[in-house]
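Subject: Structure handover

Hello,

Here is the structure I promised you. Please open it alongside this email, and my notes follow below.

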Amino acid sequence: DKKGLQPLQPDLDRIAALKSKDELPALLAHFQMINVNAFFGFGEQQDFKDATKQIAAADQGGLGLPERDYYFRAGEVAEKTRAEYVQHITNMLKLMGEPETQAGSDAKKIMGLETALAKVSLDITSRRNPKNIYHMMPVSQLEAITPEFSWSHFLADVKAPPVTDLNVTVPDFFKGLNSIIAATDLDTIKAYLRWQLVPEGTVLPKALDDEDFDFNRHKLAGQPEQRARWRS
């Protein structure tokens with residue numbers, strides 16, 4: 001706790017050093033290895049059609065709210081949750097050192113980016129059908145639908161075994177992701193990456209942990225009070 005965010009500083013510095021979107025594959029490969037699913041998730045899974053195989057898989061991801069419908073549900077409760085979420089992002093960015101005005105502005109931009117990701121994501125009901133999340137394709141085909149992102153560089157930097165084919169669970173998500181990366185300015189992407197670096201459940205300094213608890217476990221999940229620190 002005394003170290004504050006010092007353990008995260010190398011990663012924060014790496015985000016700050018981004019000079020172009022061409023450097024995203026290397027950074028996101030590093031993020032995947034520290035369990036940060038910014039923009040998307042990558043890993044391995046059992047092949048649905050051949051249980052003897054473990055295959056690579058790229059899946060939709062990058063949302064801070066529990067699932068896509070939180071971004072679109074109508075009604076007073078849903079709108080309140082989204083407003084509280086933007087305030088939560090603002091509070092976390094302030095605790096990470098951003099000035100209040102910048103934190104508020106970045107939070108709105110992050111919400112806009114996540115909403116765009118949610119819009120091209122498959123809903124949780126559709127994901128229950130294995131046919132909807134199984135689309136094997138060569139890496140070259142994935143490269144073709146996401147020209148803004150070099151998968152060959154990503155796969156090299158993520159230290160995966162040689163991958164020629166993989167399950168692209170939701171192809172339309174990655175087509176949308178390509179457009180989102182192209183349309184989003186680098187400063188917004190950097191703000192989003194800083195936010196994604198401290199996801200819910202991470203062991204954090206007390207001030208950030210209290211803020212994380214207040215939104216994710218109290219407001220969203222209804223947990224009445226924080227567990228004792230030593231039980232975390």
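Is F173 buried or exposed? F173 is buried, because its relative accessible area is 0%, and the cut-off for buried is under 20%. Please keep in mind that this is a predicted model.

Aromatic rings

F174 is buried too, again with a relative accessible area of 0%. The structure has 14 aromatic pairs. One of them joins F42 and F154. Their ring centres are 5.2 Å apart, and the planes meet at 85 degrees, which is edge-to-face. F42 sits in strand β1 and F154 in helix α6 (residues 151-157), so this pair ties together parts that are 112 residues apart in sequence. Both F42 and F154 are buried. F173 and F174 also pair edge-to-face, because their planes stand at 90 degrees, with 5.2 Å between the ring centres. These four rings belong to one aromatic cluster, which also takes in F40, F149 and W151.

Helix α8

Next, α8 (residues 186-196). This helix is largely enclosed by the rest of the structure, because 10 of its 11 residues are buried. Among the buried ones are K190, Y192, R194 and W195. The cover over the buried residues includes α1 (9-16), α2 (24-33), α3, α4 and α7 (171-183). At the N-terminal end, D185 acts as the cap. A side-chain oxygen of D185 lies 3.2 Å from the backbone nitrogen of D187.

E98

One contact leads from α8 to a loop. R194, a buried residue of α8, is touched by E98. E98 is in the loop between α3 (76-95) and α4 (100-119). E98 is buried, because its relative accessible area is 11%, and buried means under 20%. Leaving aside residues up to four places away in sequence, E98 also touches L93, A103 and D106. A polar atom of the E98 side chain lies 3.5 Å from the backbone nitrogen of A103.

Second largest pocket

Last item. The second largest pocket holds about 190 Å³ of space. Its lining has 13 residues. Q54, I55, A56, P161 and V163 lie nearest the centre. By type, the lining has nine nonpolar, two polar and two charged residues. Strands β1 (40-47) and β2 (50-60) each supply at least two of the lining residues. Strand β1 is also where F42 lies.

Best wishes

Key: Residues are numbered from 1 along each chain as its sequence is written. This is a predicted model: local features need pLDDT of at least 70, side-chain atom pairs count only at pLDDT 80 or more; totals for chains, interfaces and linings use all residues. Side-chain values use heavy atoms; hydrogens and water are left out. Helices (H or I, at least four residues) and strands (E, at least two) are DSSP runs, numbered from the N terminus. Buried means under 20% relative accessible area, exposed over 50%, partly exposed in between (1.4 Å probe, protein chains only). A polar contact is a pair of N or O atoms within 3.5 Å; within protein, one must be able to donate a hydrogen and the other to accept it, and residues adjacent in sequence count only if both atoms are side-chain atoms. Contact means heavy atoms within 4.5 Å. On a 1 Å grid over the protein atoms alone, a cavity is a set of points where a 1.4 Å probe fits but cannot get out, and a pocket is an open set with protein on both sides within 12 Å along at least five of seven lines; lining residues have an atom within 4 Å of a point. Grid points are joined across faces, edges and corners, and a volume is the space filled by probe spheres set on the points. Ala, Val, Leu, Ile, Met, Phe, Trp, Tyr, Cys and Pro count as nonpolar, Asp, Glu, Lys and Arg as charged, and the others, Gly among them, as polar. Rings of Phe, Tyr and Trp (its six-membered ring) pair if their centres lie within 6.5 Å; planes under 30 degrees apart count as stacked, over 60 as edge-to-face and the rest as tilted.
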